[in-house]
Every structure is written in structure tokens, then in C-alpha cells.
Amino acid sequence: MGAKECNGCGVCAEVCPVNNITIKEGKAIHGNQCAACYACLHWCPQKTTKLKVPTLGNRLQYHHPEITLQDIKRIKGEELR
């Protein structure tokens with residue numbers, strides 16, 4: 001599902017609430033447990049995430065103005081404990 005332009009930064013894997021994405025050989029690898037939350041699509045800094053499920057068409061990436069990438073990482077880290 002990841003585009004060939006993916007640079008393997010790992011943001012998609014970090015924001016995935018179901019840990020469905022891993023980084024292997026510098027590319028994002030999406031598993032089969034997608035929750036269709038689109039966090040990977042919205043937070044991809046390269047805007048290279050492509051999904052095989054219905055997406056948002058030509059809409060821009062959306063980030064809630066009061067939620068940061070660090071907030072998501074912190075909350076996800078707390079859930080893993």
C-alpha cells in the first residue's frame with residue numbers, strides 16, 4: 001500500500017492505532033488489520049501513503065488543530081504499557 005516514494009520515516013507506523021504498519025527496507029509495509037482511520041494518510045509527511053480502500057479523493061490532509069503528532073505518539077505509548 002505504501003508508494004514507491006516512501007522514505008521509510010516511520011510516522012505512519014507511529015500513528016497507526018492498531019500497529020498495522022511496519023517499516024522494512026526503508027518502506028512502509030501495511031498489514032491486513034487496517035482500522036480505516038486514515039491516520040497514516042493524514043500524517044504522512046511525504047504525502048506518499050496510498051490506500052486500497054476508499055480515501056478522501058483530492059481533499060487535503062487533515063490534522064485536528066489541537067492534536068499534535070507528539071500527542072498521538074504519547075497516547076499510543078501509554079496504551080502499550
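How many residues of the lining of the second largest pocket are nonpolar, how many polar and how many charged? The lining divides into 7 nonpolar, 3 polar and no charged residues. Here Ala, Val, Leu, Ile, Met, Phe, Trp, Tyr, Cys and Pro count as nonpolar, Asp, Glu, Lys and Arg as charged, and the others, Gly among them, as polar.

## About the model

This is a predicted model, in which local features need pLDDT of at least 70 and side-chain atom pairs count only at pLDDT 80 or more, while totals for chains, interfaces and linings use all residues. Residues are numbered from 1 along each chain as its sequence is written, and side-chain values use heavy atoms, with hydrogens and water left out.

## The chain as a whole

The chain has 3 helices and 2 strands, and from the N terminus on these elements run α-β-β-α-α. Helices (H or I, at least four residues) and strands (E, at least two) are DSSP runs, numbered from the N terminus.

Of the 81 residues, 30% count as buried; buried means under 20% relative accessible area, exposed over 50%, and partly exposed in between, with a 1.4 Å probe and protein chains only. Among contacts with a separation of 6 or more, 39% come from residues 24 or more positions apart, where contact means heavy atoms within 4.5 Å.

## The hairpin

Let's turn to the two strands. E1 (residues 21–24) and E2 (residues 27–30) pair in the antiparallel sense over 4 bridges; two strands pair if DSSP finds at least two bridges between them. Ile23 has Ala28 of E2 as its bridge partner, and Lys24 stands opposite Lys27 in E2. The hairpin has 2 residues between its strands, and Glu25 takes a positive phi near 50° there.

In a regular strand the side chains alternate between the two faces of the sheet. Strand E2 shows this alternation: Ala28 and His30 point to one face and are buried, while Lys27 and Ile29 point to the other and are not.

## A contact of the N-terminal segment

Lys27 also meets a residue from outside the hairpin. Glu5, in the segment before helix H1 (11–15), is in contact with Lys27 and Thr48, leaving aside its neighbours within four places in sequence. Glu5 and Gln46 are 41 residues apart in sequence, yet their C-alpha atoms are 8.0 Å apart in space. At 49% relative accessibility, Glu5 counts as partly exposed.

## Pocket and cavity

Now back to the pocket of the opening question. About 180 Å³ of space lies in this second largest pocket. Its lining consists of Val15, Tyr38, Ala39, His42, Trp43, Tyr62, His63, His64, Ile67 and Ile72, and helix H2 (residues 39–43) gives the most, with 3 residues. On a 1 Å grid over the protein atoms alone, a pocket is an open set of points with protein on both sides within 12 Å along at least five of seven lines, a cavity is a set of points where a 1.4 Å probe fits but cannot get out, and lining residues have an atom within 4 Å of a point.

A search of the whole structure finds 2 cavities of 30 Å³ or more. The second largest cavity holds about 70 Å³ of space; grid points are joined across faces, edges and corners, and a volume is the space filled by probe spheres set on the points. Its lining has 10 nonpolar, 2 polar and no charged residues, including His30, Cys16, Cys37 and Tyr38.

## Cysteines without disulfides

How many disulfides does a search of the whole structure find? The search finds 0, a disulfide being a pair of cysteine sulfur atoms within 2.5 Å. The sulfur of Cys37 is 6.1 Å from the closest cysteine sulfur, in Cys16, and therefore too far for a bond. Cys37 is partly exposed, at 41% relative accessibility.

Cys6 is also without a bond, because the closest cysteine sulfur, in Cys12, is 6.0 Å from its own sulfur. Cys6 is buried, with a relative accessible area of 13%.

## Positive phi in the loops

Tyr38, in the loop between E2 and H2, has a phi near 65°, a positive value in a residue other than glycine. Tyr38 also appears in the lining of the second largest pocket.

Lys47 lies in the loop between H2 and helix H3 (69–79). Although not a glycine, Lys47 has a positive phi of about 55°, and at 56% relative accessibility it counts as exposed.
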